[in-house]
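Good morning, and thank you for coming. I would like to take you through several local features of one structure. Please have the sequence and the model in front of you as I speak.

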Amino acid sequence: MSKLKAAVIGVGGISECHIKGYRQLKDDVEVYAFCDINPDRLKYMGDTFGIPEERRYLDKDEMLKAHPEIDICSVCTWNSAHAECTIAALNAGCHVICEKPMAMNGEEARAMKEAADRNGKLLMIGFVRRHGRDAKTLIDFVKGGFFGDMYYAKATYVRRNGAPGGWFGDKSRSGGGPVIDLGVHVIDLCKYIMGNHKPVSVYAATFDKIGDRRHLEESKAWVSTGRAKNDIFDVEDFATALIRFDNGAIISLETSFSLNTAEPRAEIEIYGDKGGAKLGDEVTMASDLCGHLVDLSFPSNKNFVFEESFDAEIKNFVDAVLGRAECLAPAADGVSLMDIIDAIYKSAATGSEVKI
Ligand SMILES: NC(=O)c1ccc[n+]([C@@H]2O[C@H](COP(=O)([O-])OP(=O)(O)OC[C@H]3O[C@@H](n4cnc5c(N)ncnc54)[C@H](O)[C@@H]3O)[C@@H](O)[C@H]2O)c1
């Protein structure tokens with residue numbers, strides 16, 4: 001069988017994780033063509049990864065037209081280009097993995113899923129946290145009945161000085177701040193582990209009290225490749241939300257780019273009537289056994305490892321395309337998450353609970 005030819009649209013920071021993931025799968029995939037609207041970045045990435053000049057494009061439509069032989073495509077652009085690039089690639093006959101957040105809103109996400117269905121192609125969403133060792137461990141415990149009925153979760157992704165700059169703070173390209181950038185990771189992880197129930201309502205608030213702290217240089221968690229001194233910052237810097245699901249379960253969200261906390265962290269807590277767990281710097285669990293409260297920990301490392309999880313995500317995408325595995329993050333889950341994000345912003349704007 002010939003190798004799958006992979007294209008990448010948007011060869012910025014995160015695309016390197018996709019490309020490295022494909023390069024781990026040498027027997028199945030050839031990293032074949034790159035597209036980016038930024039010629040300097042296109043040249044740098046083309047040179048770095050040995051893509052011949054005739055397969056480097058500034059325009060996705062030109063690339064897709066010139067190379068109908070492309071089989072699979074990673075969409076790693078800023079958020080406002082996810083829908084148009086994904087739909088173009090699907091219409092050109094590619095299977096697509098699109099970075100999180102799936103889109104700017106639920107309407108765009110639905111159009112993307114519809115394009116995948118119409119073309120009979122796979123559309124996977126880059127919910128990388130689903131592919132971490134910590135998530136896989138918890139899913140084993142869910143299947144083993146450890147948690148019982150999971151009714152409450154805390155989804156926390158707070159940075160104290162973590163606005164990445166570049167397009168991330170420009171609402172017209174990002175769709176929002178920490179909610180749509182960081183919140184999606186932890187909301188999705190809780191939702192996924194708790195059984196992927198249907199969201200029914202949201203009560204939320206967003207704040208823009210601190211801004212992007214561009215005057216402070218220390219401890220930036222993730223810096224955009226396009227960061228500049230005059231970047232726009234018109235998104236929220238902190239948000240909180242209560243998300244209710246059709247089984248009665250609640251996820252409580254806290255997320256920030258800027259916050260006066262000494263404890264920036266990305267962690268989730270899951271609580272069931274039989275057991276609970278926390279995924280943070282390590283994975284810990286709590287329950288009662290034989291008449292006693294117990295805390296459980298693991299002798300081996302179950303923590304989330306960034307590069308390893310990306311490799312696992314890309315492998316799952318390729319395996320799903322080749323019919324060897326079930327896709328762990330299908331488009332329908334991306335649409336559901338975008339409905340939650342829409343409801344968070346709507347509730348914050350109106351001050352009222354929003355039904356989904
Ligand atoms: N899964 C994760 O942990 C994770 C981490 C970081 C970023 N991301 C996501 O990845 C995406 C990219 O983020 P990044 O940090 O790599 O940003 P980036 O700014 O480094 O890269 C984005 C690239 O897309 C290009 N681009 C924009 N519109 C385009 C278009 N229409 N056609 C071709 N190229 C286009 C830009 O020129 C830029 O080079 C975002 O959606 C972000 O949310 C995910």
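Let me begin with Ser256, which belongs to strand E10, residues 250-256. Please keep in mind throughout that we are looking at a predicted model. Is Ser256 buried or exposed? With a relative accessible area of 0%, Ser256 falls under the 20% limit and is therefore buried.

What surrounds this serine? Setting aside neighbours within four places in sequence, Ser256 is in contact with Tyr157, Val158, Arg159, Pro178, Leu182, Asp237 and Phe238. One of these residues, Arg159, deserves a further word. A polar atom of the Ser256 side chain lies 2.8 Å from the backbone oxygen of Arg159.

I turn now to a pair of helices. Helix H1 covers residues 15-23 and helix H2 covers residues 39-49; their axes come within 12 Å and cross at roughly 20°. Because angles under 35 degrees count as roughly parallel, H1 is described as roughly parallel to H2. The crossing of the two helices, H1 and H2, is right-handed.

Which residues of H1 and H2 meet? From H1 come Ser15, Glu16, Ile19, Lys20 and Arg23, and from H2 come Arg41, Tyr44, Met45 and Phe49. By character, the residues in this contact of H1 with H2 are 4 nonpolar, 1 polar and 4 charged.

My remaining topic is the backbone. As a general background, most residues other than glycine have a negative phi, and most peptide bonds are trans. Against that background, three places may be pointed out.

The peptide bond from Lys100 to Pro101 is cis, and its omega is near -15°. Where does Pro101 sit? Pro101 is in the loop that joins strand E5 (95-99) and helix H5 (106-119).

Next, Asn196, although not a glycine, has a positive phi of about 60°. Asn196 is placed in the loop between helix H8 (178-193) and strand E8 (199-207). Its relative accessibility is 29%, so Asn196 counts as partly exposed.

Finally, Cys290 also has a positive phi, near 50°, and is a residue other than glycine. Cys290 lies in the loop between strand E13 (283-289) and strand E14 (292-296). Is Cys290 buried or exposed? Cys290 has a relative accessible area of 78%, and because this is over 50%, the residue is exposed.

To close, I would ask you to set two residues side by side in the model: Ser256, which is buried, and Cys290, which is exposed. Thank you for your attention.

Terms used:
Residues are numbered from 1 along each chain as its sequence is written. This is a predicted model: local features need pLDDT of at least 70, side-chain atom pairs count only at pLDDT 80 or more; totals for chains, interfaces and linings use all residues. Side-chain values use heavy atoms; hydrogens and water are left out. Helices (H or I, at least four residues) and strands (E, at least two) are DSSP runs, numbered from the N terminus. Buried means under 20% relative accessible area, exposed over 50%, partly exposed in between (1.4 Å probe, protein chains only). A polar contact is a pair of N or O atoms within 3.5 Å; within protein, one must be able to donate a hydrogen and the other to accept it, and residues adjacent in sequence count only if both atoms are side-chain atoms. Contact means heavy atoms within 4.5 Å. Axes are lines fitted to C-alpha atoms, for helices over the stretch in contact, and angles run from 0 to 180 degrees between N-to-C directions. Angles under 35 degrees count as roughly parallel, over 145 as roughly antiparallel, 65 to 115 as roughly perpendicular and the rest as oblique. A crossing is left-handed if the near helix is turned anticlockwise from the far one by less than a right angle, and right-handed if clockwise. Ala, Val, Leu, Ile, Met, Phe, Trp, Tyr, Cys and Pro count as nonpolar, Asp, Glu, Lys and Arg as charged, and the others, Gly among them, as polar.
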